[in-house]
Amino acid sequence: MEAVGEFTVTTDKDDLPKHLEFILDVVERHARNSFVLKGWSVTLVAAVFLLAVRGAEPALAMAAGLLPSLTFWALDAYYLRQERMFRALYNHVRKAEPSPDNRFSLDARPFAGEVSSWFRTLGATPVLWFHAAVLAVVVVALAFFSLRPPDAP
């Protein structure tokens, strides 16, 4: 323990469980954001389908459906990468000796080099299969509505 002004700062292993808990809270929040993004992606694509079926220009509505599906794919990859960076921070804190310099630090940027880039994370299995399937559905529906004769019901 060391005294800093009126406060006593502990830098021993007693802080470790709380620090790890803070990091796990951030990891959990990122995982939850990823889950919510997937739900919103499906919801918006379904809404675009509804607009396409009922609208005067279904092909235009389906083309507009590409934007949210691609945007949610990019955001999901971002959150997965952030989650992986915080997991690397967790492993570092778990193994490192306590230090007053980085006490309760939640800065995961130093671990960016230890995880795949955002661009490579776009192709990660948890992100790729879900969003590629949503995007494929949008593209197939876009092709269907684009190739359909204008007088078809």
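Partly exposed, as used in these legends, means a relative accessible area between the buried limit of under 20% and the exposed limit of over 50%. The model is predicted.

**View 1. Arginine 87 and glutamate 83 pair within helix 2.** Arginine 87 has a relative accessible area of 43%, so this residue is partly exposed. Glutamate 83 has a relative accessible area of 11% and is therefore buried. Their side chains meet in a salt bridge, 3.1 Å from N to O. The two residues are 4 apart in helix 2, about one turn of the helix. The bridge thus joins a partly exposed arginine 87 to a buried glutamate 83.

**View 2. Arginine 32 forms a salt bridge with glutamate 28.** The closest N and O atoms are 3.2 Å apart. Both residues belong to helix 1. They are 4 residues apart, so about one helical turn separates them. Arginine 32 is partly exposed, at 43% relative accessibility. Glutamate 28 is also partly exposed, at 46%.

**View 3. Glutamate 21 and lysine 18 meet in a salt bridge.** The N to O distance is 3.6 Å. Helix 1, residues 16–54, holds both residues. Their spacing is 3 residues, about one turn of the helix. Glutamate 21 counts as partly exposed, with 38% relative accessibility. Lysine 18 counts as partly exposed at 38%. For the model, the salt-bridge count comes to 5. Among them are the pairs glutamate 21 with lysine 18, arginine 32 with glutamate 28, and arginine 87 with glutamate 83.

**View 4. Helix 2 packs with helix 4.** Two packed helices are described by an angle and a distance, both taken between their axes. Helix 2 covers residues 58–95, and helix 4 covers residues 125–147. Their packing angle is about 175°. Their axes lie 9 Å apart. Angles over 145 degrees count as roughly antiparallel, so helix 2 runs roughly antiparallel to helix 4.

**View 5. Residues in the contact of helix 2 with helix 4.** Of the residues in this contact, 21 are nonpolar. Another 4 are polar, and 1 is charged. Helix 2 also contains arginine 87 and glutamate 83, the pair in the first view.

Note on methods:
Residues are numbered from 1 along each chain as its sequence is written. This is a predicted model: local features need pLDDT of at least 70, side-chain atom pairs count only at pLDDT 80 or more; totals for chains, interfaces and linings use all residues. Side-chain values use heavy atoms; hydrogens and water are left out. Axes are lines fitted to C-alpha atoms, for helices over the stretch in contact, and angles run from 0 to 180 degrees between N-to-C directions. Angles under 35 degrees count as roughly parallel, over 145 as roughly antiparallel, 65 to 115 as roughly perpendicular and the rest as oblique. Ala, Val, Leu, Ile, Met, Phe, Trp, Tyr, Cys and Pro count as nonpolar, Asp, Glu, Lys and Arg as charged, and the others, Gly among them, as polar. A salt bridge is a side-chain nitrogen of Lys or Arg within 4 Å of a carboxyl oxygen of Asp or Glu. Buried means under 20% relative accessible area, exposed over 50%, partly exposed in between (1.4 Å probe, protein chains only).
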